[in-house]
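Here are some notes to read beside the sequence and the structure, written for someone who is new to this kind of model. Please keep the view open and find each residue as you go.

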Amino acid sequence: MTHRVDARALAGLQREISVSEFFARNRHLLGLDTPARALLTAVKEAVDNALDACEEAGILPEIRIDIAPRGERAYLVTVEDNGPGIVEDQVGRIFGKLLYGSKFHELRQSRGQHGMGIAAAGMYGQLTTGQPTKISTRTGKSRPAWEFLLSLDTTKNRPIVHRRQRTDWTIAHGTRVEIELEGQVQRGPHSVAEFVRQTAIANPHATLVFEGPDGERIVHRRTVRARPPRPRPMRPHPHGIDLGTLVSMTTRTRCRTLATFLQREFSRVGPTTASAILRRAGLSRRAATTPRGLTHAQAAALHRAFGATRISAPSAACLVPIGEDVVRKSLEARLAASFCTAVTRPPAVYRGHPFQVEVGLAFGHGGAVDEDRADASATVLRFANRVPLLYQAGACATTQAVVATSWRRYGLQQSHGALPTGPVAILLHVASVWVPFTSESKDAIADDPEIARELRLALQECGRRLAHHLAHVRHAREENERRDRIASYVPHIAAALQEILGLDDEVRDGLVSRLDATIDRRRSEAA
Ligand SMILES: Nc1ncnc2c1ncn2[C@@H]1O[C@H](COP(=O)(O)OP(=O)(O)OP(=O)(O)O)[C@@H](O)[C@H]1O
Ligand SMILES: [Mg+2]
């Protein structure tokens with residue numbers, strides 16, 4: 001006889017699931033699955049936060065990253081910044097609670113998005129080594145420095161503070177995070193050293209010092225001193241907002257009329273656009289209708305009217321691209337290539353979110369672009385909001401855009417459906433107020449038609465410039481070869497002239513050196 005459970009018994013099994021319990025069990029969603037990956041993710045989360053905090057406070061970042069072995073499979077990860085520090089009563093929730101942060105509700109470009117990166121890294125450390133996270137922070141010279149030792153209560157998603165005391169940290173302001181975790185040191189493209197190197201490429205205004213577990217010390221000094229401008233937060237744009245979000249905005253707003261609601265709570269909606277939207281939604285005559293009083297059908301009509309009305313694209317002040325000049329200089333400084341170029345596309349919009357695409361291309365000698373590796377695939381450096389993406393390359397819209405570009409047209413070898421080959425590095429950067437990542441671990445950018453289009457256009461422009469450069473190099477080489485051939489005839493011509501005209505040896509030698517000098521001068525003019 002089958003055992004049947006009735007609804008009442010099932011009801012007894014229902015329980016709320018804490019967000020941290022969920023992510024402790026599904027930590028792969030946060031990039032914390034394998035020890036090698038977790039080590040990199042912990043560094044990445046702390047470095048992202050450090051850079052965000054410095055930029056928000058208008059400070060040129062100086063960040064130290066240290067990985068020290070602790071026993072067999074454990075490492076102590078320390079990341080220290082010279083940022084604004086964290087006020088004492090926020091430390092517990094920032095490091096001991098998932099989904100708590102300052103960036104989720106703000107529509108402007110930042111590295112952090114979800115409000116759980118650093119607490120999740122600490123939780124992973126706690127689950128794998130049993131050790132709490134240590135935080136030291138100071139918000140200014142005149143204020144005391146604080147030291148916290150805390151862990152995360154996964155069943156309640158809240159911090160357990162083990163120690164909270166003043167400390168005599170001599171740094172004027174900044175934060176140091178120390179997490180002990182089970183990890184594995186990787187070499188090559190997924191290594192922490194590579195993450196730090198790529199971070200330096202996309203953030204040339206930052207100085208990064210990395211000390212690895214074997215005592216290696218790598219210093220990436222800033223190559224530009226200008227701080228990136230601070231992105232300004234924007235209000236949601238009517239194009240791309242979900243109906244559910246619109247409904248929830250109507251219930252939360254303090255605006256009394258629909259026209260003021262549209263103008264105050266959305267970007268790019270002035271009185272004329274507001275009237276046009278309301279007219280289209282059949283709501284213009286109902287001036288008395290309050291946002292809260294909208295029926296579901298009216299909200300749906302308003303939503304449809306959003307889509308059908310021409311509204312200016314959102315302002316790009318919420319974005320801070322790296323900039324063509326800086327991308328090119330950064331590639332030149334870090335890759336020592338013989339040709340570098342960069343394209344920053346104008347801002348565009350996907351699902352109501354502004355975004356901007358940048359592509360840099362380096363070709364030739366040195367570093368990652370080794371001319372001897374002519375048959376190796378191009379190196380692709382992927383970035384989202386200036387953060388290097390090291391995993392899930394195949395699933396990322398950036399890699400797909402490189403593969404979809406016809407590089408043969410621009411002078412590179414390429415097999416069908418593959419990356420181009422040759423001594424080339426391609427940098428792709430997508431900056432947005434909300435990057436459409438394929439998962440919470442923020443590894444890959446989802447395939448969106450608008451983003452794909454911008455990537456394609458930027459890649460094609462870089463490709464055209466590369467083709468131009470290669471044509472120039474080829475032309476100069478051919479010209480040199482021709483002159484070499486002509487130069488080889490010079491002694492014979494001089495000897496023939498000597499014979500015909502009866503010249504003496506001195507005049508003949510003078511002729512040879514004059515002809516050689518003319519050919520050399522032309523050669524250097526052509527180079
Ligand atoms: N080094 C730091 N200095 C100053 N503030 C910090 C620092 N680290 C974290 N914070 C603050 O703590 C908040 C939470 O950080 P956390 O990494 O958990 O989330 P996030 O950066 O907002 O988003 P994400 O989960 O995408 O990383 C941040 O929003 C920021 O306000
Ligand atoms: Mg973060």
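The points below take up the ligand and then the cavities.

1. Please bear in mind throughout that this is a predicted model. Ligand 1 is surrounded by 20 residues, and the closest of them are Ser102, Lys103, Gln113, Gly117 and Lys442.

2. Three contacts with oxygen atoms of ligand 1 can be looked up one by one. A polar side-chain atom of Lys103 lies 2.8 Å from an oxygen atom of the ligand, while for His114 a polar backbone atom is 2.8 Å from a ligand oxygen, and for Ile118 a backbone N or O atom lies at 3.2 Å from one. Taken alone, ligand 1 exposes 600 Å², of which the protein buries 92%.

3. The shell around ligand 1 draws two or more residues from each of α3 (35–56) and α5 (117–129), and α3 provides the largest share, with 3 residues. Sorted by class, this shell has 10 polar, 6 nonpolar and 4 charged residues.

4. Turning to the cavities, the structure holds 3 of 30 Å³ or more, and the largest has a volume of about 80 Å³. Its lining is made of 13 residues, with Arg37, Thr41, Lys44, Tyr391 and Asp443 nearest the centre, and α3 gives the most to this lining, namely 4 residues.

5. The second largest cavity has a volume of about 60 Å³, and its lining residues include Lys44, Asp48, Gln113 and Lys442. Both α3 and β13 supply at least two residues of this lining, which divides into 5 nonpolar, 3 polar and 4 charged residues.

How values were computed. Residues numbered from 1 in each chain as written. Chains lettered and ligands numbered in written order. Predicted model: local features only at pLDDT ≥ 70, side-chain atom pairs only at ≥ 80, totals over all residues. Heavy atoms only, no water. Near = heavy atom within 4 Å. Polar contact = N/O pair within 3.5 Å; in protein donor to acceptor, adjacent residues only side chain to side chain. Areas by Shrake-Rupley, 256 points an atom, 1.4 Å probe, with all protein chains shown as cover. Nonpolar A, V, L, I, M, F, W, Y, C, P; charged D, E, K, R; others polar. 1 Å grid on protein atoms, 1.4 Å probe; cavity = no way out; pocket = protein on both sides within 12 Å on 5 of 7 lines; lining within 4 Å. Points joined across faces, edges and corners; volume = space filled by probe spheres on them.
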